[in-house]
Amino acid sequence: MITLDEAWERLLSSIAPLEAEQIPVDESGGRYLREALVARRTQPYADLSAMDGFAASGEGPWAVIGEARAGHAFDRALSPGQAVAISTGAALPQGADRIVVKEDASLAQAVLRADPLPTPGRHIRRRGFDFKTGDTLLAAGTRMAAPHIALARTAGVGTIGVTRRPRVAILECGDELRADPVDCPPDGLPASNGAMTACMVGSVGAEVSSRVLVPDRLEAVVNALDDAKDADLVLTSGGASVGEHDLIKPALERAGFTLDFWRVAIRPGKPLIVARRGSQLMLGLPGNPVSTFVTAFLFALPALRRMAGSERALPQPINLPLAGVLPAAGTRREFLRARLSPEGATLIDERDSSALAALARADVLIDRPIGAPVQAEGALVSCYLLENGAIA
């Protein structure tokens, strides 16, 4: 059994980003940049007004001689004592050195006065204050989100290089599992881990290439692994422990995988398996749904982020105050479900690794080190934000 930090190091050090592809920037949400984004234009292209009002030259009063609008510049220079009406985002005429905002302006017979008098330079967006041609705007490995797409378009970029989406095959193992949650006999169990992990891997831009239920027969598991040869990552749930019907390890050997490591000193999720078949990665997740979720969060998502080109593949912790007492930790690193409130993180009492209702209520996982002492209310603890809760 190895520590979580050692497991992370062994997992991520062996993963390289997948191939790059060019896509329209409008379709890049959730994808990771393969190379830095460089500006192809200067923004703003000229000195612009940040307010509706008047662009003026020198001290007032001013004679108003025209208008400037966004996309329609005033085509003459201003002399001292002259002004033009101007809208937000319009280019300042040559010679203008200040903006009279509309609320401070009075205009009578084409003569403009201001109270108070405007300060030179105020309410002016200077040329290139946001970025200039040739500036590096986003580093390689950045995950594209809505502001990044807007930035790229404004920078004159229409297509970008990203890493292709990882393909994930999901295998749910167990005779008791049923695909239809509605038509499920009392002694059956609606399959849920596959749908849960499919949602999770989709959140980091991967695509599910296949999702199947596999009965507890060695030949069936081997065949399912063989059918998944085109996937970049194979995720299994169930069958990873040491019970009579835990068939993942023997099936891996028969299907041509090499075991990297098995069992990590964490709770929940100790029986995690990591194996490889050529360039293909396989993660054998425990079958209890909370253990499946935690190990997918800690291992599958970082692996997929690294495949997709992320520079920060691991989940990023934040410190939050405790809204209650946290008991002493045990001999494994624990990930405790907790709710968030204005007072901080409140531990959810239910700790069973099959308790989905408690998992669904969780906003964060508290990262509890091995052997940590009792911590009092108000103490800061390391936490990972989840997408379950309203705070995500």
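## A tour from Thr-236 outwards

At 1% relative accessibility, Thr-236 counts as buried. Select this residue to begin, and keep in mind that you are looking at a predicted model. Thr-236 is part of strand β17. Now show what touches Thr-236: setting aside neighbours within four places in sequence, its contacts are Leu-171, Leu-225, Ile-248, Met-282, Leu-283, Gly-284 and Leu-285.

**Next stop: helix α3**

Select residues 193-202, which form helix α3. How many of its residues are buried? The count is 7 of the 10, so helix α3 is largely enclosed by the rest of the structure. To see them, colour Asn-193, Gly-194, Met-196, Thr-197, Ala-198, Met-200 and Val-201, the buried residues of α3.

What covers these buried residues? Strand β17 (233-237), where you started, is included in the cover. Strands β13 (167-173), β16 (207-214) and β21 (280-285) also take part, and so do helices α6 and α7 (356-361).

**Along to α6 and its partner α1**

Stay with α6 by selecting residues 289-307, then add helix α1, residues 4-13. Their axes are 10 Å apart, and the two helices pack at an angle of about 30 degrees. Angles under 35 degrees count as roughly parallel, and α1 and α6 are therefore roughly parallel to each other. Turn the view until one helix lies in front of the other: α1 passes α6 in a right-handed crossing.

Now show the side chains where they meet. From α1 come Leu-4, Ala-7, Trp-8, Leu-11 and Leu-12, while α6 brings Leu-298, Phe-299, Pro-302, Ala-303 and Arg-306. Sorted by class, this contact has 9 nonpolar residues, 1 charged residue and no polar ones.

**Looking down α1**

Keep Leu-4, Ala-7, Trp-8, Leu-11 and Leu-12 selected, since these are the buried residues of α1. Viewed down the helix axis, the buried residues of α1 fall within an arc of 110 degrees, so they line one face of the helix. An α-helix has 3.6 residues a turn, so residues three or four places apart point the same way. Which residues are exposed on the other side of α1? Rotate the helix to find Glu-9 and Ser-13 there.

**Last stop: Gly-188**

Finally, select Gly-188 in the loop between β14 (177-178) and β15 (189-190). Is Gly-188 buried or exposed? With a relative accessible area of 15%, Gly-188 is buried. Add Leu-177 to the selection and draw a line between the two C-alpha atoms: Gly-188 and Leu-177 are 6.0 Å apart in space, and 11 residues apart in sequence.

Terms used:
Residues are numbered from 1 along each chain as its sequence is written. This is a predicted model: local features need pLDDT of at least 70, side-chain atom pairs count only at pLDDT 80 or more; totals for chains, interfaces and linings use all residues. Side-chain values use heavy atoms; hydrogens and water are left out. Axes are lines fitted to C-alpha atoms, for helices over the stretch in contact, and angles run from 0 to 180 degrees between N-to-C directions. Helices (H or I, at least four residues) and strands (E, at least two) are DSSP runs, numbered from the N terminus. Angles under 35 degrees count as roughly parallel, over 145 as roughly antiparallel, 65 to 115 as roughly perpendicular and the rest as oblique. A crossing is left-handed if the near helix is turned anticlockwise from the far one by less than a right angle, and right-handed if clockwise. Contact means heavy atoms within 4.5 Å. Ala, Val, Leu, Ile, Met, Phe, Trp, Tyr, Cys and Pro count as nonpolar, Asp, Glu, Lys and Arg as charged, and the others, Gly among them, as polar. Buried means under 20% relative accessible area, exposed over 50%, partly exposed in between (1.4 Å probe, protein chains only). The arc is that of the directions from the helix axis to the C-beta atoms.
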